[in-house]
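Colleague: I would like to go through this model and ask what lies behind the terms used for it.

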There are 2 protein chains.
Amino acid sequence: MPFSGKISPLTIQRLSLYLRVLKEYAAMGKVAASSGEIAEATVSTAAQVRKDLSYFGSFGKKGQGYNIDELIEAIEGILGLDRRWKVALVGLGKIGQSLIQFKEFGQIGFDFVAIFEKDPEKIGKSFNGIPIYHIDEMPRVCEEETILIALVAVPAESSEEVFQRVLDAGIRGILNLSGRCCFKPPPHAFIKNVNVAAEIESLSYYLTHF
Amino acid sequence: MPFSGKISPLTIQRLSLYLRVLKEYAAMGKVAASSGEIAEATVSTAAQVRKDLSYFGSFGKKGQGYNIDELIEAIEGILGLDRRWKVALVGLGKIGQSLIQFKEFGQIGFDFVAIFEKDPEKIGKSFNGIPIYHIDEMPRVCEEETILIALVAVPAESSEEVFQRVLDAGIRGILNLSGRCCFKPPPHAFIKNVNVAAEIESLSYYLTHF
DNA sequence: TTATAATTGAGATAAAATTCACAAAAGCAC
DNA sequence: GTGCTTTTGTGAATTTTATCTCAATTATAA
Ligand SMILES: NC(=O)c1ccc[n+]([C@@H]2O[C@H](COP(=O)([O-])OP(=O)(O)OC[C@H]3O[C@@H](n4cnc5c(N)ncnc54)[C@H](O)[C@@H]3O)[C@@H](O)[C@H]2O)c1
Ligand SMILES: NC(=O)c1ccc[n+]([C@@H]2O[C@H](COP(=O)([O-])OP(=O)(O)OC[C@H]3O[C@@H](n4cnc5c(N)ncnc54)[C@H](O)[C@@H]3O)[C@@H](O)[C@H]2O)c1
């Protein structure tokens, strides 16, 4: 990958959005798009789109904009989406079940290959064709399957312990849906928190004051 | 509310986190906490915590930190959580069902009072005691019930149309789980996007490059 | 071939967010 | 009461992020 230096996480998030609209454009048969169009579609600005892309290279043609297929390929390369990733789910509760059935993960290159639980009722069975293991088996299974990413959807009370076990199993990327957003990963690992409760509290703030 | 001027959305998000740890502290019987403790627990810094709070007033005592009960009350006031909010769900699919059953919304002051669907199989019944209406009834029901916040969990294809209908029904705060993050609300309305697909793509980036 | 229009890429500038640094409390011990 | 320790609140400095501007490039049409 021909780039160096620290890139803002905000840039990375926006690249995901750009990629989404570019794929829609491609599906519509569109061949080129300008930074202005991409910005319009992602509630951003043309300058922001160009700046974000410029950290990684020059992908456009002056006067013409960006070739959509080329830019999709470039962004997929940047984001590491030019491959498939094996993913584990930890905690097959209500939210875990809906995540497993969520089609888009597969479409963007992420495959669930293992579910980890502590409930003896669930262990040994499978859900949507994916085997359910005891959480104690995580180190073995993750190594055998080379799983590097886990979605954690256990109750907040268990999450601290589960994060530690997940890291001990060799997982380096955690998508945390447990509601507990206060875990600091070691330097070689990464965590992304998704917290609908906090989001709805923000809405409350804006409705109260504006 | 004794404050004015524009507050960063990042500050608002962090206030939610501070509130969470403060409530935990309160449940543990703790009486006071310093900015350093709160920072430690929320993966922030002491200066950041103090700065965030200082936009809204002085809630601490020099040398002593913050009284936990007082600070909880202050933050709840700031975020508009010193009341209950009625909330609608639009789209009772897999993710919608798990959101309805998600206990924490009730604990922090948000009550689901209506579900809107377009599937005739579901309409007229109820889920978890909450009535399911046809989406055409949204304007009437939202007015009668004074619902101002909606969680949108319909498929991405329908989301554009649904956003418009939700706004037309008088909703002013949208928590969008549809995966389509490109909707620009009118000035009097607010949207918060939650997108697990984009989050997992960020993880891919970090695992690829670090 | 030459003007015309569109749009990129990037340096300069501006704005926003975070961190620093320290005087001003506030409690505590003696 | 005096001195010591802790920790806030905040202006200033710094760092980060976003926006602005415009020369350079490309296609197109006259
Ligand atoms: N349901 C939602 O819509 C929703 C939304 C946002 C966040 N969340 C959060 O997601 C988490 C799970 O929510 P849910 O509604 O799916 O709860 P749930 O109780 O339905 O499911 C939790 C699952 O985790 C398993 N589990 C518990 N401890 C475990 C451990 N140590 N190791 C492995 N598995 C373990 C349980 O056996 C259970 O199957 C909660 O923290 C909740 O705050 C849920
Ligand atoms: N399942 C997940 O874990 C998950 C995670 C993240 C995001 N999402 C997103 O959430 C959305 C819903 O996902 P899901 O898995 O629940 O899908 P789903 O198909 O199970 O449910 C969608 C529901 O929305 C209803 N619906 C469709 N159009 C409607 C309309 N115009 N008005 C009212 N209701 C309508 C359908 O009848 C259905 O009940 C998708 O866009 C998906 O990308 C899902």
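Modeller: The questions below take up a ligand and then the interface of two chains, in a model that is predicted.

Colleague: Where does ligand 2 lie, and which residues come nearest?

Modeller: Ligand 2 lies between chains A and B. There are 22 residues around ligand 2, and K94(B), I95(B), E117(B), K122(B) and S178(B) come nearest. A residue is counted here because one of its heavy atoms lies within 4 Å of the ligand.

Colleague: What makes the pair of K94(B) and ligand 2 a polar contact?

Modeller: A backbone N or O atom of K94(B) is 3.0 Å from an oxygen atom of ligand 2. The cut-off for a pair of N or O atoms is 3.5 Å, and 3.0 Å is within 3.5 Å, so the pair is called a polar contact.

Colleague: Which atoms of A156(B) and S158(B) lie by ligand 2?

Modeller: For A156(B), a polar backbone atom is 3.1 Å from an oxygen atom of the ligand. For S158(B), a polar side-chain atom is 3.4 Å from a nitrogen atom of the ligand. Both distances are within 3.5 Å, so both pairs pass the rule.

Colleague: How much of ligand 2 does the protein bury?

Modeller: Ligand 2 exposes 820 Å² when taken alone, and the protein buries 86% of that.

Colleague: Which elements give two or more residues to the shell around ligand 2?

Modeller: They are α5 (94–100) of chain A, and α5 (94–100) and α8 (156–168) of chain B. Of these, α8(B) gives the most, with 3 residues. By class, the shell has 12 nonpolar, 5 polar and 5 charged residues.

Colleague: Why is the pair of K192(B) and E199(A) called a salt bridge?

Modeller: The closest N and O atoms of K192(B) and E199(A) are 3.9 Å apart. The rule asks for a side-chain nitrogen of Lys or Arg within 4 Å of a carboxyl oxygen of Asp or Glu, so this pair counts. The count between chain A and chain B is 6 salt bridges. Across the interface, 16 residue pairs are in polar contact.

Colleague: Which helix gives the largest share of the side of chain A that touches chain B?

Modeller: Helix α9 (residues 196–209) of chain A gives 14 residues, the largest share. By class, this side of chain A has 43 nonpolar, 14 polar and 10 charged residues.

Colleague: How many residues does the contact take from each chain, and what area is buried?

Modeller: The contact takes 67 residues from chain A and 66 residues from chain B. The two chains bury about 5700 Å² between them, with 70% of it on carbon and sulfur atoms.

Terms used:
Residues numbered from 1 in each chain as written. Chains lettered and ligands numbered in written order. Predicted model: local features only at pLDDT ≥ 70, side-chain atom pairs only at ≥ 80, totals over all residues. Heavy atoms only, no water. Polar contact = N/O pair within 3.5 Å; in protein donor to acceptor, adjacent residues only side chain to side chain. Areas by Shrake-Rupley, 256 points an atom, 1.4 Å probe, with all protein chains shown as cover. Helix = DSSP H or I, 4+ residues; strand = E, 2+ residues; numbered from the N terminus. Nonpolar A, V, L, I, M, F, W, Y, C, P; charged D, E, K, R; others polar. Contact = heavy atoms within 4.5 Å. Buried area = accessible area lost by both parts, 1.4 Å probe.
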